[in-house]
Amino acid sequence: MIPHLLTKQSAAIINITSGLALVPKQSAPIYCSSKSGLHIASKALGWQLEHTPIKVFEIIPPLVDTSMTQGRGKDKI
């Protein structure tokens, strides 16, 4: 995909991670480690593409109302 994006005047890669990439939850090690890997990959890709028209964004949404967050916090999205 990167060769295709390099042909554009501007382009973006957007990765959605989680706060659990930075502060893992003991009961979800695989989920947290996969989000952590995507977090680091996003940073590395951003550095590799910093002199190209491709921008790399990582979105870490606020607490989302899912079964994993049951009983935690309020005002979840």
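Buried, on this tour, means under 20% relative accessible area, exposed means over 50%, and partly exposed covers what lies in between (1.4 Å probe, protein chains only). Helices (H or I, at least four residues) and strands (E, at least two) are DSSP runs, numbered from the N terminus. What you have open is a predicted model, where local features need pLDDT of at least 70 and side-chain atom pairs count only at pLDDT 80 or more, while totals for chains, interfaces and linings use all residues. Residues are numbered from 1 along each chain as its sequence is written, and side-chain values use heavy atoms, with hydrogens and water left out.

**Stop 1: helix α2**

Select residues 29-48, which make up helix α2. Now pick out C32, K35, H39, S42 and L45: these are buried. Look down the axis and you'll see them line one face of the helix, because they fall within an arc of 155° (the arc of the directions from the helix axis to the C-beta atoms).

What do these buried residues pack against? Colour α1 (2-6), β1 (11-16) and β2 (54-59) to see their partners; contact here means heavy atoms within 4.5 Å.

Next, spin round to the face turned away from the buried side, where P29, I30, W47 and Q48 are exposed. Click on I30: its relative accessible area is 67%. If you draw a line from its C-alpha atom to that of F57, 27 residues apart along the chain, it runs 23 Å.

**Stop 2: K35**

Stay in helix α2 and zoom in on K35. Leaving out residues up to four places away in sequence, K35 touches I16, T17, S18 and A21. K35 is buried but has no salt bridge, meaning a side-chain nitrogen of Lys or Arg within 4 Å of a carboxyl oxygen of Asp or Glu. How far away is the nearest side chain of opposite charge? That's E58, at 8.7 Å, with Lys and Arg counted as positive, Asp and Glu as negative, and His and the chain ends not counted.

**Stop 3: strand β1**

Now show the side chains of β1, which alternate: A11, I13 and N15 point to one face and are buried, while A12, I14 and I16 point to the other and are not. Add β2, which runs parallel to β1 and is joined to it by 6 bridges; strands pair if DSSP finds at least two bridges between them. Opposite A12 you'll find K55 in β2.

Finish on I13, buried with a relative accessible area of 17%. Beyond four places in sequence, I13 touches I2, L5, L45, L49, I54, K55, V56 and F57.

How values were computed: The expected span of a helix is 1.5 Å times one less than its number of residues.
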